[in-house]
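Q: I am new to this structure and would love a close look at one part of it. Could you walk me through how the charged side chains pair up, and what surrounds them?

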Amino acid sequence: MPSGIDIDLDFIQNELNRRRPGQSKITTERKETDEVELLSGVFEGKSTGTPIGFIVKNKNQQTKDYDDIRDLFRPSHADYTYYKKYGIRDYRGGGRASARITLARVVAGALAKLVLRKHNISIQAYTSQVGNIAIDKDYRNYDLSQAENNAVRCPDEAKAKEMESLIAEVKSEGDTIGGVITCVVKGCPVGLGEPEFGKLHAQLGAAMLSINAAKGFEYGEGFDGSTWRGSRQNDSFATAAENENDDIAIRTNHSGGIQGGISNGEDIYFRVAFKPVATLLMEQKTVDIAGNEQTIDPRGRHDPCVLPRAVPIVEAMAAMTILDALLVYTSKRI
């Protein structure tokens, strides 16, 4: 973390509030205040350049919720793979595979955002699809600031209501649903990212796919663009005389702000697909540690859809990735 950055604790806490459980009827009913306490790396309101330590305490955990699965492998969870890898089973939740760990990422992402502010770089994510309900893929058609005005975090008010109704319906059935989060990064200078193994889109992809329940990543036109002809896909250049920036510009941005693994100064936009939450509040077939067939009927407080609470997590991972690339970029230009 660079030194001399004003540390806005209210901003950091607000970012955590966007992720915390119990914030609406379509998220888990668990209540956590998720209050962050800074332990080191900050003095008189500014970062010192040394590591920033912090703690966020669990205050509403209920270990007993997991007693009935102490010997069972939950379908599509990491129970089996962790057990086979490490040879020991901690059944009290998901451990390192639990989405609870993402609150640390949100705090770190908030700190990264405070640095990016000084460079006029902004990051905005939003829910663009829940199940088969989707909004237009072109983010320019929306006022993205409106995403925080509803529980789903979708900038299209009408579609947001449809999404919320679908999530509520799924929740009432004890089932879950997945979807897509879109993220837009504005203000990046030309030159972020490395030409070979540190390509900016590869770093973003790795960051997004490290988030719990993330299953897919695409940037720019992504998979849709693979069906186009090159004459449509290519982003042609415009002279400085044709734009207001007194510099070379790009007429279109099908590349998603990255070319050759390096940012080109245009908006960076990407989409992250999230699977349905693996914990269903209904019976499923499974096996126990001994390999015997069993039936699992989980209890507890789980999200029917991760998307509303995953929006700030996507932003946080993007912020840390962009800041890393920015620090490398600036160090090479001194």
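A: Here is a walk through the salt bridges, followed by a short look at the places around them.

Please keep in mind that this is a predicted model. Side chains of opposite charge can pair when their charged atoms come close. The structure holds 18 salt bridges, and a few of them make a good tour.

Let's start with Arg 19 and Asp 34, whose side chains meet in a salt bridge with an N to O distance of 3.4 Å. This pair links distant parts of the chain, as Arg 19 sits in helix H1 and Asp 34 in the loop between H1 and strand E1 (36–38), 15 residues apart. Arg 19 is buried, because its relative accessible area is 1% and the cut-off for buried is under 20%. Asp 34 counts as buried too, at 0% relative accessibility.

Helix H1 (residues 9–19) also has a helix beside it to look at. Two packed helices are described by the angle between their axes and the distance between the axes. For H1 and helix H8 (residues 307–331), the axes come within 7 Å and cross at roughly 140°, so the two helices are oblique to each other. On the H1 side, Glu 15, Arg 18 and Arg 19 take part in the contact; they meet H8 residues including Pro 308, Arg 309 and Glu 315.

Now move along to Arg 89 and Asp 79, which form a salt bridge with their closest N and O atoms 3.6 Å apart. Arg 89 lies in the loop between H2 and H3, while Asp 79 is in helix H2, so the pair ties together parts that are 10 residues apart in sequence. Both Arg 89 and Asp 79 are buried.

Asp 90 and Arg 92 make another pair, with side chains meeting in a salt bridge at 2.9 Å, N to O. Asp 90 is partly exposed, with a relative accessible area of 48%, and Arg 92 is exposed at 53%. Some salt bridges share partners, and these join Glu 15, Arg 18, Lys 113, Glu 148, Arg 153 and Glu 315 into one network. Glu 15, Arg 18 and Glu 315 are also among the residues that meet between H1 and H8.

Finally, a look at a nonpolar spot. Ile 88 is in the loop between helix H2 (79–86) and helix H3 (102–117), and counts as exposed at 64% relative accessibility. Together with Tyr 82 and Tyr 86, Ile 88 makes a nonpolar surface patch of about 360 Å².

Methods: Residues numbered from 1 in each chain as written. Predicted model: local features only at pLDDT ≥ 70, side-chain atom pairs only at ≥ 80, totals over all residues. Heavy atoms only, no water. Patch = residues over 30% accessible without salt bridge, like charges linked within 9 Å, V, L, I, M, F, W, Y side chains within 5 Å. Areas by Shrake-Rupley, 256 points an atom, 1.4 Å probe, with all protein chains shown as cover. Salt bridge = Lys/Arg side-chain N within 4 Å of Asp/Glu carboxyl O. Helix = DSSP H or I, 4+ residues; strand = E, 2+ residues; numbered from the N terminus. Buried < 20%, exposed > 50% of the residue type's maximum accessible area, 1.4 Å probe, protein only. Axes fitted to C-alpha atoms, helices over the stretch in contact; angles between N-to-C directions. Parallel < 35°, antiparallel > 145°, perpendicular 65-115°, else oblique. Contact = heavy atoms within 4.5 Å.
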